[in-house]
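Here is a short note to read beside the coordinates. Please keep the sequence open as you go through the points.

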2 protein chains.
Amino acid sequence: MIVALAGGVGGARLAVGLAALCAPERLTIVVNTGDDFEHLGFSISPDLDTVMYTLAGVADPERGWGRADETWSFMETLGKLGGQDWFRLGDRDLAVHVMRTQALARGERLSQITRALAKLFGVTHAIVPMCDEPVRTLVLSESGELAFQDYFVRRRCAPVVSGFRFAGAEKAGPPDVLQALMQRDDVEAAIVCPSNPFISIGPILAVAAIREWLEARRFPVIAVSPIVGGQAVKGPAAKMMRELGLEVSALAVARHYGPLVDGWVIDDCDAQHAPELKALGKRVAITNTLMCDRARSIELARVVLALAREAGGWH
Amino acid sequence: MIVALAGGVGGARLAVGLAALCAPERLTIVVNTGDDFEHLGFSISPDLDTVMYTLAGVADPERGWGRADETWSFMETLGKLGGQDWFRLGDRDLAVHVMRTQALARGERLSQITRALAKLFGVTHAIVPMCDEPVRTLVLSESGELAFQDYFVRRRCAPVVSGFRFAGAEKAGPPDVLQALMQRDDVEAAIVCPSNPFISIGPILAVAAIREWLEARRFPVIAVSPIVGGQAVKGPAAKMMRELGLEVSALAVARHYGPLVDGWVIDDCDAQHAPELKALGKRVAITNTLMCDRARSIELARVVLALAREAGGWH
């Protein structure tokens with residue numbers, strides 16, 4: 001069993017590669033729900049939807065969120081009526097939010113709902129939220145403690161960041177299916193996708209049972225660096241590292257994760273960091289990590305799985 | 001002041017005519033909310049929206065509900081995902097439902113929300129729900145007591161009807177603005193629009209304060225027959241009359257309303273009923289009542305207002 005930890009786009013794209021190489025029963029994708037929120041009466045799970053849409057092949061390839069064949073009549077009308085249109089919701093996307101919101105209101109668990117939706121979208125690999133309880137990422141910034149989407153979408157990540165808080169994480173535990181998986185002794189590797197370490201992977205690791213399971217692991221953890229050539233491929237990871245006083249490099253990301261990651265896949269343009277990573281005791285693979293299409297996602301997943309195999313001593 | 005009682009399409013179309021002839025401060029349109037319901041998490045007010053969209057000039061002229069320039073991506077996607085798609089909600093229409101639902105959740109009253117929405121749509125005449133409290137029309141039928149939209153949309157009015165119940169009406173009172181209007185001594189006439197007597201006007205009259213105000217009136221009540229040539233122009237009024245053991249005619253509708261209506265505007269093709277209506281003590285005007293376009297709505301409104309003027313002795 002391979003367990004991938006994923007946020008939005010980067011996680012979703014590596015998940016596509018892993019899903020192409022692993023049978024459905026051999027891959028579980030654990031997804032960040034720290035940026036879930038309630039908006040316009042809808043329960044919205046951005047990362048779960050990005051992973052689901054991407055695996056289903058209906059994600060918009062440019063935008064990084066939402067569906068490819070989308071229309072925008074709802075948002076357009078809401079905007080004209082003076083409604084809140086800073087968080088863009090497509091008309092088709094809305095159907096998923098309505099179904100999720102209704103199911104939550106009926107008392108169903110997010111993990112059940114996610115499984116049902118993924119099935120409807122023809123996704124065969126398991127997508128599992130990091131927990132069923134609401135956990136909300138709060139961004140500590142010069143503008144105070146900001147709700148995640150307020151920081152991320154409304155303020156376009158402008159405020160200088162000083163830290164993060166994952167409200168509700170202390171009471172959150174992995175969903176049943178993930179708890180069951182954590183009991184198994186055939187986990188071969190955990191993969192930390194090239195997602196933002198602070199706001200995508202951070203919330204997942206803030207669920208104590210998941211972090212403790214990884215800390216006590218007997219399998220390797222392999223990560224793909226989200227920083228390439230001193231920049232984040234997408235999103236505010238590099239800006240956050242600067243604001244937190246960190247160097248913006250694959251090496252600094254490795255230091256951030258510390259002993260939680262055994263092997264690093266870094267980009268060709270960061271090859272100079274390989275000796276330092278090895279000096280930290282990490283296994284290293286160097287490849288082109290930019291997943292600009294499905295084929296490249298699969299190539300990267302192949303390198304990730306090879307490094308995991310090498311680190312874990314399995315074949 | 002002219003007060004019109006309206007349901008959906010017929011009411012909305014006569015409202016267009018009345019609005020073209022009356023200054024905004026001289027016309028109040030009281031709208032049925034008995035077919036309001038909660039669906040997919042939205043608070044939906046079909047008649048309020050039909051009246052608002054029609055007055056705003058954005059209603060679909062064929063369909064009789066919803067907007068003209070509509071798209072259907074939400075419904076299409078919901079249907080594909082196995083969601084409830086029996087009550088069709090357009091993408092633009094959804095924006096109104098979301099705004100209403102959110103405002104209700106904030107504790108705003110339906111009458112306030114309706115006023116705010118109407119203003120956003122550029123409607124200058126007052127649209128007022130019959131009450132702020134939820135009243136729900138229940139259809140007593142061979143299939144049991146059915147929620148209105150279950151009967152009307154889902155079952156396409158197929159079950160044989162034996163009566164109606166307006167749940168919550170006993171606790172409902174007119175909104176502030178309508179109560180204030182009911183105190184005024186300058187009401188010139190009430191107009192009963194050609195809407196379904198049982199399920200459009202019936203719920204309005206089930207609000208005791210409104211019925212009592214009309215019963216104690218010193219102004220004439222003028223109605224336009226919703227039955228033309230033994231048929232309902234739209235909707236199940238004729239079918240309901242048959243099932244309730246009533247003759248399907250303008251005369252039977254007049255008997256149904258009894259002393260509550262002083263003057264009847266009937267269609268040219270029902271001219272034979274004029275003597276009987278007069279024998280019942282009613283004033284009668286005969287004209288073409290089919291409002292197939294805006295000009296015809298205005299012509300009908302002109303006849304209605306002339307009959308009111310004649311009945312009320314005002315000029």
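The points below cover confidence, the sheet of chain B and the contact between the chains.

1. This is a predicted model; local features need pLDDT of at least 70, side-chain atom pairs count only at pLDDT 80 or more, and totals for chains, interfaces and linings use all residues. Residues are numbered from 1 along each chain as its sequence is written, while chains are lettered from A and ligands numbered from 1 in the order in which they are written.

2. Confidence. The model has an ipTM of 0.88 and a pTM of 0.91. For chain A, pLDDT (the predictor's confidence in each residue, from 0 to 100) averages 96. There, 100% of the residues reach at least 70.

3. The sheet. Chain B holds an open sheet of 7 strands, with parallel pairing. Its order is β5-β2-β1-β9-β10-β13-β14. At the edges lie β5 (126-129) and β14 (283-287) of chain B, each paired on one side only. From one strand to the next, the twist averages 20 degrees (axes are lines fitted to C-alpha atoms, for helices over the stretch in contact; angles run from 0 to 180 degrees between N-to-C directions). Strands are DSSP runs of E, at least two residues; helices are runs of H or I, at least four; both are numbered from the N terminus. Pairing requires at least two DSSP bridges between two strands.

4. One strand pair. In chain B, β1 (residues 2-6) and β2 (residues 27-31) run parallel, joined by 5 bridges. B:Val3 has B:Thr28 in β2(B) as its bridge partner.

5. The interface. In chain A, 20 residues are in contact with 20 residues of chain B (C-beta atoms, placed from the backbone, within 7 Å). On the chain A side, α3 (73-80) and α4 (91-105) are the elements that give two or more residues. α4(A) gives the most, with 9 residues.

6. Composition. The chain A side that touches chain B has 10 nonpolar, 8 polar and 2 charged residues. Here Ala, Val, Leu, Ile, Met, Phe, Trp, Tyr, Cys and Pro count as nonpolar, Asp, Glu, Lys and Arg as charged, and the others, Gly among them, as polar.

How values were computed. Contact = placed C-beta atoms within 7 Å.
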